[in-house]
Amino acid sequence: MSDKKYYDLTFSQKVMYYTLRYSPKKNLMNICTSLWFKEDIDIDLLKKALLISLNRIDALNIHLTEINKNIKQYLSDEKYRDIEVLDYSDKSIEEIKQEFNKRACVEMKWKDCNLIDVVIAKVPENRVALCVVVNHVIADAWGLTVFMKDALEVYLSLREGKDLPEKPASFLKVIEEELKYTDSQKMKDDEEYWKSVFDEAPSYSSVNRKNVGKKYGRVGLDFTSTAKIIILPKEEVQVINDYCKKNRISPQVLYLLAMYCYLSMLNNKEHLLINNSLSRRSSIDVKRASGMMVNVIELFIKCKRSMTFEEACDSIAEVQLGAFKHGDYPYGNVIEFIKNKYVRGILKKGIIFADATLTYQLGKVKTEEPLDFDIMYHSNGASGMRLYLTIMDIADSGSLQFIYEYQIKALDEEDIINIHSFIIRTVETGIENPEMTLQQIIEESEKKVYQKFLFEN
């Protein structure tokens, strides 16, 4: 008899697992990042460090299996024994990026096997790159940064002949605590909160003109996507951060408000849904653990266009605070409640209420001893959302990456450039004139950015 201990999936993991299980594109659950060193790296030592880190982070040793038709997870006792080294020294940087993009799009096997792929690549000018692809069921973006930071800290310790750094916290302990949430009083309280939020029917918010006016969005089967990455320089980021510090709000609130203004303008509505990803890492131990902790939160924003920018920031901050306080409650349960209350019959199947998701990622890969590198995101080629915006600065450079993952059936690159311009214009206008109303700001941003996009056939 096996002595393995089997665990149910947490609510956060279940969202990703069901997407993995039933999506026609399994690569939908791949998260891929590459790290490009700008200093000399000992490849053998790096390989050793990666193996130490892989084998000591329990989340990365989780395997999925089926027992009596139920999905379970367990900690594998098989060790990672090697890291493949690819010789791309004769390829251009652009060609290497494309090779990493291809790896991001490969469909991973998911039953009783490793759910992370790590390779080292020799690149031009005697430099080294690292490419990591992990299945979203076992790790989110924060969990991936925990692994990469630990591997680099281990590498530096080996290089300097020092003791290994303290290993990351256990994700299995997090799982055990997470599973206690089911049927708890906290879950019941969270359920009552979400029922109160949706005391009125939400209306569908589209990200493109052809779906504007429809009562619901449709999931569809074509998840083919690509990504557009736009960098916001650190000087502009600092202005935003200074405003937020002065007004005691998170920068995420400004980006959510800007996204709200875009959706309000396009859909001609004031009450809108925006999906907001919550990392759910409030305690130190959970922040130090790898693994999957993200939950999708349905933010029901009910701003009025007569509100000033400052008033709208406060309103969204309040909505977000309440949602985050009750953010452990499963996203799927919220959606089912909305459908059961407001949607009739067969229409319930395959419908969505929001096209856009926004994530403000705070995780960083920063070693105590300086190590010079750049970090790059790679699209997995598939997305369940028409628009998924991730804002992050993993390398702690001071600038921000705006990563727009979008379904190509819904949007194109010009759309994304216009959406980004609208978002940044809205934030800048609001910071410069916090007493302006949302109506005035939307009109200003539309005039400067969207006139062509909205009315050109």
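**Reading rings, turns and charges**

By the ring-pairing rule, this predicted model has a count of 17 aromatic pairs.

User: Where should I start with those pairs, say with Y17 and W110: what kind of aromatic pair do they form?

Analyst: Look at two things, the distance between ring centres and the angle between ring planes. Planes over 60 degrees apart count as edge-to-face. Y17 and W110 sit 5.5 Å centre to centre with 70° between the planes, so the pair is edge-to-face.

User: Which parts of the chain does that pair tie together?

Analyst: Y17 is in helix α1 (residues 11-22), while W110 is in the loop between α3 and β5 (116-123). The pair therefore ties together parts that are 93 residues apart in sequence.

User: Are Y17 and W110 buried or exposed?

Analyst: Both Y17 and W110 are buried. They also belong to a cluster, in which ring pairs link Y17, Y18, Y22 and W110.

User: What about W194 and F198: how do their rings pair?

Analyst: Here the angle goes the other way. Planes under 30 degrees apart count as stacked. The ring centres of W194 and F198 are 6.5 Å apart and the planes are at 20°, so this pair is stacked.

User: Buried or exposed, then, for W194 and F198?

Analyst: The idea is to check relative accessible area, where under 20% means buried. W194 has 4%, so W194 is buried. F198 is at 0% and counts as buried too.

User: Now the backbone. Which residue has a positive phi of about 50°?

Analyst: That's N68, and it is not a glycine. To place such a residue, find the elements on either side: N68 is in the loop between β2 (62-67) and β3 (70-75). For exposure, the cut-off is over 50%, and N68 has 72% relative accessibility, so N68 counts as exposed.

User: And where is N268 found?

Analyst: N268 is in the loop between α8 (251-267) and β9 (271-278). N268 isn't a glycine either, yet has a positive phi of about 55°. With a relative accessible area of 64%, N268 is exposed.

User: Last one, about charge. Which residues form the negative surface patch?

Analyst: For a patch like this, look for residues of like charge at the surface. The negative patch is made by D87, D90, E94 and E95.

User: Can we zoom in on one of them? Where does E95 lie?

Analyst: E95 is in helix α3 (residues 93-104). Its relative accessible area is 43%, which means E95 is partly exposed, as that class covers values between the buried and exposed cut-offs.

Definitions and conventions. Residues numbered from 1 in each chain as written. Predicted model: local features only at pLDDT ≥ 70, side-chain atom pairs only at ≥ 80, totals over all residues. Heavy atoms only, no water. Patch = residues over 30% accessible without salt bridge, like charges linked within 9 Å, V, L, I, M, F, W, Y side chains within 5 Å. Areas by Shrake-Rupley, 256 points an atom, 1.4 Å probe, with all protein chains shown as cover. Salt bridge = Lys/Arg side-chain N within 4 Å of Asp/Glu carboxyl O. Lys, Arg positive; Asp, Glu negative; His and termini not counted. Charge placed at Lys NZ, Arg CZ, Asp CG, Glu CD. Helix = DSSP H or I, 4+ residues; strand = E, 2+ residues; numbered from the N terminus. Buried < 20%, exposed > 50% of the residue type's maximum accessible area, 1.4 Å probe, protein only. Phe/Tyr/Trp six-rings, centres within 6.5 Å; stacked < 30°, edge-to-face > 60°.
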